[in-house]
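I opened this notebook to keep track of what I looked up, residue by residue and helix by helix. The entries are short.

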Amino acid sequence: MIQSRLGSIFRTMKQIGVIGAGAAGLCAARHILANQGMVPIVWEQSEKVGGTWNYTPETGTDKNGLPIHSSMYQNLKTNLPKEVMAFPDFPFPEADESFVHHSEVKKYLENYAQHFDLYPHIKFNHHVEEVKPIIKETGPPSWSIKVKDLNSGEFSTAVCDALLVCNGHYSVPRLPIIKDIEKFQGRQIHSHNYREPSPYEGSRVVVLGASASGLDIMLELAPYAKEILLSHNLPVAVPSELPSNVRQVRGVVAATENGFTFGDGTSAEADVILYCTGYEYTFPFLSEECNVTIEDNVVKPLYKHLIHSSFPSLAFIGIPFQICPFPLFDFQVQYFVAVIAGRLTLPSPGEMATLSREDLEQQRKEGCMDRHYHRLGLIHQLTVLKDWAEGAGIPPPGKHMKTILYIVMLRFAFAHPSFKKSKFTVMEDGGVIERREGAEVYTKLELTWLLARGLFWVLWRDFPRGLSFLGSAVWGRLTRPFHS
């Protein structure tokens, strides 16, 4: 009875709020407009669409005194090929490369907004100040959104039947706690504020973190820096050839006036530490009544990493990480729009909360730390996307995605400096052709060789740790097929 009544209430929804006009917000507006009787209202604090893809050489704060949102750097190219980056219904234009410059992604998003006629629904230079739920006797709440017009300074309040939070989570740096860091006399910078390599000419640089941004920036700095210490706590060293002036060390544990001590007991002098340590989830506009908390990097209470289990008219787009962002946004948005359109019935709030707790507990049992709860992984995300697709009644991800992602993951790990040289072609049947320097590659044979060489390198460099890592990986494969 409760579920059917909720479905009836959702079907009456008309005005849908969207916070942010980055990729997630544009996707939200596009699919809201596709549902007859629904109208989006999108608030964007900048003057342009694109969110983090709007590169600026500036750091710190913008002309309105707000923190610079973008984390783009001048020479950044995507870490994923455009063949798996695009929204399912809007491919990237043909290009000579699969890994494209950030300016091409920005242009793609501008074209997307133009194609689906989204601009009339976006209020630029509008900063969301406060969001409050409007509790009703029955059904999910409506939402009161207080907004500041950054041009006039005037405030206004809108009421929406549902709200999608699309403010991104790559703008507020996460900084680690390092013993005696206040003693360090050199420069400290987070990757959020990194723009180009020339200021590091001749410097000894500690790059802390070896995920995508850490490895990418390390490669960009290598021709300029005197020495780079790639500091991380990965289970094994990065099993790839790296520039000759790059040395891998364990994570930083303490600072001195002129350098750092690492987790393996070694120490080194350094001029700069560059934090590639990720970002914080932050929703400063949500009032306490919204009942949203962030505990050890887990956003609560979210059902399927997406819908507020107590207030199911509120959704958060793009919370998961280590994913293909644009396709994930699309599946999330369509799932939520199916809910508010009344085509999909959710479990009761209590059941959603229970399912979410059980999911977190299951991940703990599998050895996953809470702070990695929203980390889906490039391959496992496809299972989650399929689940959202089934709920929304839309086609699942194309089979080419899994093929390309496996290729990219192996090249990323075992041939990192050259992994962006691959050019992919997706055939009509979902098959994939890989080319490098214009020539078609015998991909399976080459990747088998890369994998064998990489595993040998891991064992040769540190046999005990390498054997332990490989054993854990095999055991995880056998006992956790769902996360394969």
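The entries below cover one helix, two single residues and a set of salt bridges.

**Entry 1. Source of the coordinates.** I noted before anything else that this is a predicted model.

**Entry 2. Helix α4.** I began with its length. Helix α4 runs over residues 102-115, which makes 14 residues. At 1.5 Å a residue the expected span is 20 Å, and I found the end C-alpha atoms 20 Å apart, so the two agree. Next I asked which residues of α4 are buried. They are His102, Val105, Tyr108, Leu109, Tyr112 and Ala113. Seen down the axis of α4, these buried residues fall within an arc of 135°, so they line one face of the helix. The general rule I had in mind is that an α-helix has 3.6 residues a turn, so residues three or four places apart point the same way.

I then looked at the face of α4 turned away from the buried side, and it carries the exposed residues Gln114 and His115. The cover over the buried residues of α4 includes α2 (23-33) and α6 (325-340). Just after α4, I noted that Asp117 takes a positive phi of about 55°.

**Entry 3. His400.** I found His400 in helix α9, residues 399-414. Is His400 buried or exposed? Its relative accessible area is 16%, and the cut-off for buried is under 20%, so His400 counts as buried. The side chain of His400 reaches the backbone oxygen of Glu83 at 3.3 Å. Leaving aside neighbours within four places in sequence, I listed the contacts of His400 as Glu83, Val84, Val426, Gly430 and Val432. Glu83 thus appears both in the contact list and as the owner of that backbone oxygen.

**Entry 4. Leu66.** I placed Leu66 in the loop between β2 (39-44) and α3 (82-85). Although in a loop, Leu66 is buried, at 15% relative accessibility. Not counting residues up to four places away in sequence, Leu66 touches Gln45, Gly60, Thr61, His127 and Leu150. For Gln45 I also noted the C-alpha separation from Leu66, which is 9.0 Å for residues 21 apart along the chain.

**Entry 5. Salt bridges.** How many salt bridges does the structure hold? I have 17 on record, and I looked up some of them.

Glu47 pairs with Lys63, with the closest N and O atoms 2.5 Å apart. Glu47 and Lys63 are both in the loop between β2 and α3, 16 residues apart. Glu47 is partly exposed at 45% relative accessibility, while Lys63 is exposed at 65%.

Asp216 pairs with Lys420, and here the closest N and O atoms are 3.1 Å apart. Asp216 lies in helix α5 (residues 212-221) and Lys420 in the loop between α9 and β21 (422-426), so this pair ties together parts 204 residues apart in sequence. I found Asp216 buried at 12% relative accessibility and Lys420 partly exposed at 23%.

Glu361 pairs with Arg364, with the closest N and O atoms 2.6 Å apart. Both lie in helix α7 (residues 349-365), three residues apart, about one turn of the helix. Glu361 is partly exposed at 38%, and Arg364 is partly exposed at 35%.

My last note is on a network of salt bridges, which links Arg204, Glu269 and Asp271.

Definitions and conventions:
Residues numbered from 1 in each chain as written. Predicted model: local features only at pLDDT ≥ 70, side-chain atom pairs only at ≥ 80, totals over all residues. Heavy atoms only, no water. Helix = DSSP H or I, 4+ residues; strand = E, 2+ residues; numbered from the N terminus. Buried < 20%, exposed > 50% of the residue type's maximum accessible area, 1.4 Å probe, protein only. Polar contact = N/O pair within 3.5 Å; in protein donor to acceptor, adjacent residues only side chain to side chain. Contact = heavy atoms within 4.5 Å. Expected span 1.5 Å × (residues − 1). Arc of directions from axis to C-beta. Salt bridge = Lys/Arg side-chain N within 4 Å of Asp/Glu carboxyl O.
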